[in-house]
Every structure is written in C-alpha cells, then in structure tokens.
Amino acid sequence: MNGDIDNLAPATGSKVSLSDTDHLCGICGDAGWPWRSLMRGHNTLLMDGYDGSPGVGDPNYHSTEGIWEIIRTYMGYARSFAQRVDLAHALPHGELASSTYCLAVPDNEYLVLLPTGVNVTVDLSGLSGSRTVEWFQPKTNETVMGANVTGGSSVTFTSPFSGGNVTILYIHP
C-alpha cells in the first residue's frame, strides 16, 4: 500500500493488505508503526537494511540506531496479538475508540492502540456480557490484567502504565 505511515487508511477486509515501509517511506518507521498498521487491518513489511545488503544505500539508515531493533521487536509483539484476535471477523473500527485505532469484532473483542498510553474511550455498546481487560506495554513487555468490563455503553479506560508510551488495550472473552 501507499499512503501516510502516521495515518494509514483502514483496510476494508476484502483482500490482504500490506503496510510496506518500502512503499510508504523507504527505510523508515517508528515504534508505533507496527501497531498502527495492525489496528488499521494491515500486515507489516519493514524495509530493513539490517544485514548491510548492497543496494540498500539509504543515507538515513544507520544499523546501529536502536529504533530498528525496537520496530522488529514490536512487529513480533503485534504478530502475537494478531494470532490471538479473530482475524477472520475483525475489521478496523476507528470510530469505536477515541484514539481512532481499533481492530474489533464489535460484539466480541476489541484491540485498541493508545499511541501516547494515557486514556481511551471505547464504544462497547455492541457488546453484551462481561469481557476480560488486558493491558500490554511493548516498551517493557509487561502485561497487566484490568478489571472485567461489561458492554452496553462507552467506557473510558486509563492505562496502568506511565510514561506516555505506546500501549495496547485488549478486551476479549
């Protein structure tokens, strides 16, 4: 896909969509890109010059910069969540989260990105019953369980993590 790496257009679910940095901006990216891609329904591909391959030659790429290892690690974490979510039925639903980053099966589960890791309001009006609330902090690879939540209305969640880092909220059965 082409577009803005910071504000990817949501995928429709009608076909496989690749968020490929080579087509977005070359050898580039930040810690939030794998998560923004997942929440908007895309698969990630990183144009990565890690092995010093001839022809990479982007003057902006410096293999010793720590961001590349962070991006690779976060891609792995995002993959782990993608394996847990019902991807056959999940679609991007930015309208359901105040952060605009939400991959959801609206009557069942919600995966939400908090780009700055503070608060997010999620519209759970399409959800009946109680669900588990799980928080994930990629920077520390820490998971914290929250209090269960009951659907039927919008709910504001506050991250248990400090520092304003990328944070993931997973509401699931």
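## Ground rules

Contact here means heavy atoms within 4.5 Å. This is a predicted model, so to speak of local features we need pLDDT of at least 70, side-chain atom pairs count only at pLDDT 80 or more, and totals for chains, interfaces and linings use all residues. Residues are numbered from 1 along each chain as its sequence is written, and side-chain values use heavy atoms, with hydrogens and water left out.

## How far to trust it

The predictor's confidence in each residue, pLDDT, runs from 0 to 100. Its mean over the chain is 89, and 91% of the residues reach 70 or more. Helices (H or I, at least four residues) and strands (E, at least two) are DSSP runs, numbered from the N terminus. By that count, confidence bottoms out in helix 1 (residues 21-24), at a mean of 74, and is highest in strand 7 (residues 130-137), at 98. Where pLDDT is low, the predicted coordinates should not be read in detail.

## Arg 40, a charge without a partner

Arg 40 sits in the loop between helix 2 (33-39) and strand 2 (43-45). Leaving aside neighbours within four places in sequence, Arg 40 is in contact with Asn 7, Leu 8, Ala 9, Pro 10, Ala 11, Pro 92, Thr 100 and Tyr 101.

Buried means under 20% relative accessible area, exposed over 50%, and partly exposed in between (1.4 Å probe, protein chains only). A salt bridge is a side-chain nitrogen of Lys or Arg within 4 Å of a carboxyl oxygen of Asp or Glu. For charges, Lys and Arg count as positive and Asp and Glu as negative, while His and the chain ends are not counted. Arg 40 is buried yet has no salt bridge. The nearest side chain of opposite charge is Asp 4, at 8.6 Å.

## The sheet

Two strands pair if DSSP finds at least two bridges between them. Here 6 strands form an open sheet, ordered 3-4-5-10-7-8, with antiparallel pairing. The edges are strand 3 (91-92) and strand 8 (142-150), each of which pairs on one side only. As background, strands of a sheet pair through backbone hydrogen bonds, either parallel or antiparallel.

Let's zoom in on strand 5 (residues 109-114). On one side, 4 bridges join strand 5 to strand 4 (residues 102-105), and the two run antiparallel. These two strands form a hairpin with 3 residues between them. On the other side of the order, strand 5 pairs with strand 10 (residues 167-172) over 5 bridges, again in the antiparallel sense. Tyr 110 shows both pairings: Ala 104 stands opposite Tyr 110 in strand 5, and Tyr 110 stands opposite Ile 171 in strand 10. Further along, Leu 113 has Ile 168 of strand 10 as its bridge partner.

Strand 5 is mostly covered, with 6 of its 6 residues buried. Glu 109, Leu 111 and Leu 113 point one way, Tyr 110, Val 112 and Leu 114 the other. In a regular strand the side chains alternate between the two faces of the sheet.

## Glu 109, a buried acid

Glu 109 lies in strand 5 and counts as buried because its relative accessible area is 4%. A polar contact is a pair of N or O atoms within 3.5 Å; within protein, one must be able to donate a hydrogen and the other to accept it, and residues adjacent in sequence count only if both atoms are side-chain atoms. One such contact, of 2.5 Å, joins the side chains of Glu 109 and Tyr 170. Those two residues are 61 apart along the chain, with 7.5 Å between their C-alpha atoms. Beyond its neighbours within four places in sequence, Glu 109 is in contact with residues including Arg 84, Asp 86, Leu 103 and His 172.

## Salt bridges

How many salt bridges does the structure hold? There are 3. Asp 30 and Arg 36 meet at 3.1 Å (N to O); Asp 30 is partly exposed at 27%, whereas Arg 36 is buried at 10%.

Arg 72 and Glu 69 meet at 2.9 Å (N to O). Both lie in helix 3 (residues 67-84), 3 residues apart, about one turn of the helix. Arg 72 is partly exposed at 27%, and Glu 69 is partly exposed at 48%.

Glu 134 and Arg 84 meet at 2.8 Å (N to O). Glu 134 lies in strand 7 and Arg 84 in helix 3, so this pair ties together parts that are 50 residues apart in sequence. Glu 134 is buried at 8%, while Arg 84 is partly exposed at 40%.
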